[in-house]
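This briefing goes through the packing, backbone and voids of one protein chain. The model is a predicted one. Which contacts, helices and voids stand out is set out below by topic.

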Amino acid sequence: MTILVSGATGNIGGEVIRHLLERNAAIRALVRDRAKAATLEAQGVELVQGDFNQPETLEAALRGTDAAFLVMSNDPQQVQLECSFIDAAKRAGVGHIVRLSVLRSGELPSTFQQWHRQIEEHLEASGITWTHLRPNMLMQNMRWFTETMVRQGVFYHSIAGDTKISHIDARDVAAVAALCLTESGHEHQTYDLTGSEAVTFKQVTQYFASALNRPLQFVQVAPADMKAARLANGEPEWYLDAEAQLFECWQAGAGSMVTTTFSELVHRSPNLFEVYAKEYVQTHLQNFKNLVGA
């Protein structure tokens, strides 16, 4: 059985490959630049070049695979690009697609949730066996906020500090994906994936304060101010507007649900945010020292 993994050098795709290697699966990694995936090739992963923006490259990359893990970075053309991947998979004879979606896909009015449901519906109508993975906000997303924590001792966000979100570790999402790709019984299933607890950003701030061994303060900023700062940092406006919609939903409580799905599937507890913060600081310690000139 050969499994194609898209997003092979990303947060989740790379972890999916790690889990699949542990399961001795035959893996084909979809990459745009073979040189950036040299480490994977050294581990015995077959590399195939392909690009979501060049649909004609996908069918050849998918041909001869039995299953695929579908994930891509947020993109204004995401619905069209992922649906093209699904169509290419159907033409190539792929039997099963495990796809990364988002929590509350189709339920919330935010752009991301609506886009993901459109793609889910296209996959469901394709005739390919499917599994939808719907994780909540990833713990790894906090990496965008660590620089101000280290430089200024402040965690800025537009969501109120007492809003609860059941963040999940990307590595735990990947563990579920690998399971669904290699074992039967997950066909036509939708899995809502969250951490085992919903925590506030004030708690997250304290977790990082403890890990960094320095005082940190959480400061809520106006959405317009946060958008302006991130626009100045080069982030695209379409993404910031879509994310702001999602943040409004989270602040209203939509991100606080806690499921036991991960534990039921993997038979262990998901990673805790406090543990993740300690691990993250330890593995990035030199980067933090460089930020403060230590």
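Ile97 touches Ala68, Leu70, Phe85, Ile86, Ala89, Leu123, Ile128, Thr129, Trp130 and Thr131, with residues up to four places away in sequence not counted. Ile97 is also among the members of the largest nonpolar core that touch the most other members. The points below take the cores, then two helices, selected residues, and the pocket and cavity.

**Nonpolar cores**

- The largest nonpolar core has 61 residues, and those touching the most other members are Leu62, Phe85, Ile97, Met142, Phe208, Trp250 and Phe273.
- At least two residues of this core come from each of helix 3, strand 4, helix 4, helix 5, helix 6 (146-152), helix 8 (201-212), helix 10 (237-254) and helix 12 (273-283).
- A second core, separate from that one, has 36 residues, including Val31, Val71, Ala174 and Ala177.

**Strand 5 and His96**

- His96 is placed in strand 5.
- With a relative accessible area of 9%, His96 counts as buried, because the cut-off for buried is under 20%.
- Apart from neighbours within four places in sequence, the contacts of His96 are Asp66, Ala67, Ala68, Ile128, Thr129, Trp130, Thr131 and Cys180.
- Ala68, Ile128, Thr129, Trp130 and Thr131 appear in the contacts of His96 and also in those of Ile97.

**Helix 4**

- Helix 4 covers residues 78-92, 15 residues in all, and its first and last C-alpha atoms are 21 Å apart, close to the 21 Å expected at 1.5 Å a residue.
- Its buried residues are Gln78, Val79, Leu81, Glu82, Cys83, Phe85, Ile86, Ala88, Ala89 and Ala92.
- Phe85, Ile86 and Ala89 of that set are touched by Ile97.
- The cover over the buried residues of helix 4 includes strand 1 (2-5), strand 2 (26-31), helix 3 (58-62), strand 4 (67-70), strand 5 (96-100) and helix 5 (111-124).
- Gly93, just after helix 4, has a positive phi of about 85 degrees.

**Helix 1 and the loop before it**

- Helix 1 consists of twelve residues, 11-22, and reaches 17 Å from first C-alpha to last, close to the 16 Å expected at 1.5 Å a residue.
- Ile12, Gly13, Glu15, Val16, Ile17, His19 and Leu20 are buried in helix 1.
- Among the elements covering these buried residues are strand 1, strand 2, helix 2 (38-42), strand 4, strand 5 and helix 7 (170-182).
- Asn24 follows helix 1 and has a positive phi, near 60 degrees.
- Thr9 sits in the loop between strand 1 and helix 1.
- Thr9 is exposed at a relative accessible area of 57%, because the cut-off for exposed is over 50%.
- Thr9 and Ala37 are 28 residues apart along the chain, while their C-alpha atoms are separated by 6.8 Å.
- Thr9 is in contact with Lys36, Ala37 and Leu40, leaving aside neighbours within four places in sequence.

**Positive phi in loops**

- Arg104, which is not a glycine, has a positive phi of about 60 degrees, and its place is in the loop between strand 5 and helix 5.
- Asn213, also not a glycine, takes a positive phi of about 60 degrees.
- The loop that holds Asn213 lies between helix 8 and strand 11 (217-220).
- Asn213 is exposed, with a relative accessible area of 72%.

**Second largest pocket**

- The volume of the second largest pocket is about 420 Å³.
- Its lining has 13 residues, and Trp144, Phe145, Thr148, Ala229 and Arg230 lie nearest its centre.
- Helix 6 and helix 9 (223-232) are the elements that give two or more residues to this lining.
- Helix 9 supplies the largest share, four residues.
- By class, the lining of this pocket has six nonpolar, three polar and four charged residues.

**Cavity**

- How many cavities of 30 Å³ or more does a search of the whole structure find? The search finds one.
- The largest cavity holds about 40 Å³ of space.
- Its lining residues are Met139, Ile165, Ser166, His167, Gly195, Ser196, Glu197, Val199, Asn271, Leu272 and Phe273.
- That lining divides into five nonpolar, five polar and one charged residues.
- Phe273 lines the largest cavity and is also one of the residues touching the most other members of the largest nonpolar core.

How values were computed: Residues numbered from 1 in each chain as written. Predicted model: local features only at pLDDT ≥ 70, side-chain atom pairs only at ≥ 80, totals over all residues. Heavy atoms only, no water. Expected span 1.5 Å × (residues − 1). Buried < 20%, exposed > 50% of the residue type's maximum accessible area, 1.4 Å probe, protein only. Contact = heavy atoms within 4.5 Å. Core = buried A, V, L, I, M, F, W, Y, C linked by side-chain atoms within 4.5 Å. 1 Å grid on protein atoms, 1.4 Å probe; cavity = no way out; pocket = protein on both sides within 12 Å on 5 of 7 lines; lining within 4 Å. Points joined across faces, edges and corners; volume = space filled by probe spheres on them. Nonpolar A, V, L, I, M, F, W, Y, C, P; charged D, E, K, R; others polar.
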